[in-house]
Amino acid sequence: MQLYTLDFEVRDYECDLQGIVNNAVYQNYYEHARHKLLKQRGLDFARLHLENIDPVVYRIEIDFKRPLKSGDQFSIESYIEREGNLKFLFFQCIKKNDAIINKAKVTVVFTSQGKPIAAPQNILEALGL
Amino acid sequence: MENLEILAEFNFKTHIEIRFSDFDLQGHVNNALYLTYFEQARIKYWQHFLEWDWTIYGIVVAKAEVNYITPLLMGDKIEVHVRTSKLNNTSFQLDYIIVSTNEEGKTTITTKGSTLLVVIDIQKQKPVAIPQLQRNQIINFDKLEA
């Protein structure tokens, strides 16, 4: 398991009228962290699309523990595991000063022309799976 | 293909407008938008029957799940069906189903999800029991067991 960590900062426009980061914004944080993880492993999301390979989110679960507020600095930890032939699980966690803000389990499937496919060998090798 | 009969268990649905900017480079509505659609739908759901003073009580998301069955594409028209499926002391669960009608008029269930929501006292910033009036309004609207 190779943990990828990305540092981030809350932007004011991400906070809602309750003064906390809106729940939907965390999915943007998590998605960006997943794409950065892929890039670190030599896989570019936009370039994959041009090659007719699209990783798509099949299921997401997020457990919210604490809120983030304006100006908070935080980090996103991510690692990836394989489940069967088609599914890849990203385990992701947002932390602020070592306190868990929320956690996500994201199931991703590679597709081509809208159909699920087994991930090509070069992708498996890049991901170390 | 998901069976549309499950929609009979929902007493509320609302149209949500998909915006051009909701589509990502894959040509689908980006996965991160769905929680916003759920949020917009539940606000309309509550406005339909619930008296809620947001200056006294807040509602925060404690858990969210989204199952993406098929993608939403340009030209799709969607309705989000919403119901309360569980009422606890300080929290409650809402279920959502997104039904899409494409340009050929074909209707399918594209997405299922749920959120566990916690009621908080705005002043104390602590969870608080769902007020009795609002609990009754939810029970009556969704025909829940008290």
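Strands, in the sense used here, are DSSP runs of E that span at least two residues and are numbered from the N terminus. In this predicted model, A:Lys87 has its place in one such run, strand β4 of chain A, which covers residues 87-96. Because buried residues have under 20% relative accessible area and exposed ones over 50%, A:Lys87, with a relative accessible area of 29%, counts as partly exposed. Once its neighbours within four places in sequence are left aside, A:Lys87 is in contact with A:Tyr58, A:Arg82, A:Thr107, A:Val108 and A:Val109. A further relation within chain A links this residue to A:Ala118, which lies 31 residues away along the chain, with 8.6 Å between the two C-alpha atoms.

From this single position the description can pass to the nonpolar interior. The largest nonpolar core has 70 residues, and those with the most contacts inside it are A:Tyr26, A:Tyr29, A:Leu68 and A:Ile94 from chain A, together with B:Tyr37 and B:Trp46 from chain B. Helix α1 of chain B, residues 34-49, supplies the largest share of this core, namely 8 residues. For B:Trp46, when residues up to four places away in sequence are not counted, the residues touched are B:Trp54, B:Ile59, B:Phe92, B:Leu94 and B:Leu117. Separate from this assembly is a second core of 5 residues, among them B:Leu7, B:Phe10, B:Val99 and B:Ile109.

The next topic is the interface between the chains. The contact takes 23 residues from chain A and 22 from chain B, and the two chains bury about 2,000 Å² between them, of which 45% is on carbon and sulfur atoms. Of the area that chain B buries against chain A, 27% is supplied by B:Leu25, B:Gln26 and B:Tyr68, more than by any other three residues.

Charged and polar pairs also occur across this interface. The count between chain B and chain A is 2 salt bridges; the side chains of B:Glu65 and A:Arg59 meet in a salt bridge with an N to O distance of 3.1 Å. Polar contacts across the interface amount to 17 residue pairs, with both residues at pLDDT 80 or more. On the side of chain B that touches chain A, the elements giving two or more residues are α1 and β2 (57-68) of chain B, and β2(B) gives the most, with 11 residues. By residue class, that side of chain B divides into 11 nonpolar, 7 polar and 4 charged residues.

Key
Residues are numbered from 1 along each chain as its sequence is written. Chains are lettered from A and ligands numbered from 1 in the order in which they are written. Side-chain values use heavy atoms; hydrogens and water are left out. A nonpolar core is a set of buried Ala, Val, Leu, Ile, Met, Phe, Trp, Tyr and Cys residues joined through side-chain atoms within 4.5 Å. Buried means under 20% relative accessible area, exposed over 50%, partly exposed in between (1.4 Å probe, protein chains only). Helices (H or I, at least four residues) and strands (E, at least two) are DSSP runs, numbered from the N terminus. Contact means heavy atoms within 4.5 Å. Buried area is the accessible area (1.4 Å probe) that two parts lose on being put together, summed over both. A salt bridge is a side-chain nitrogen of Lys or Arg within 4 Å of a carboxyl oxygen of Asp or Glu. A polar contact is a pair of N or O atoms within 3.5 Å; within protein, one must be able to donate a hydrogen and the other to accept it, and residues adjacent in sequence count only if both atoms are side-chain atoms. Ala, Val, Leu, Ile, Met, Phe, Trp, Tyr, Cys and Pro count as nonpolar, Asp, Glu, Lys and Arg as charged, and the others, Gly among them, as polar.
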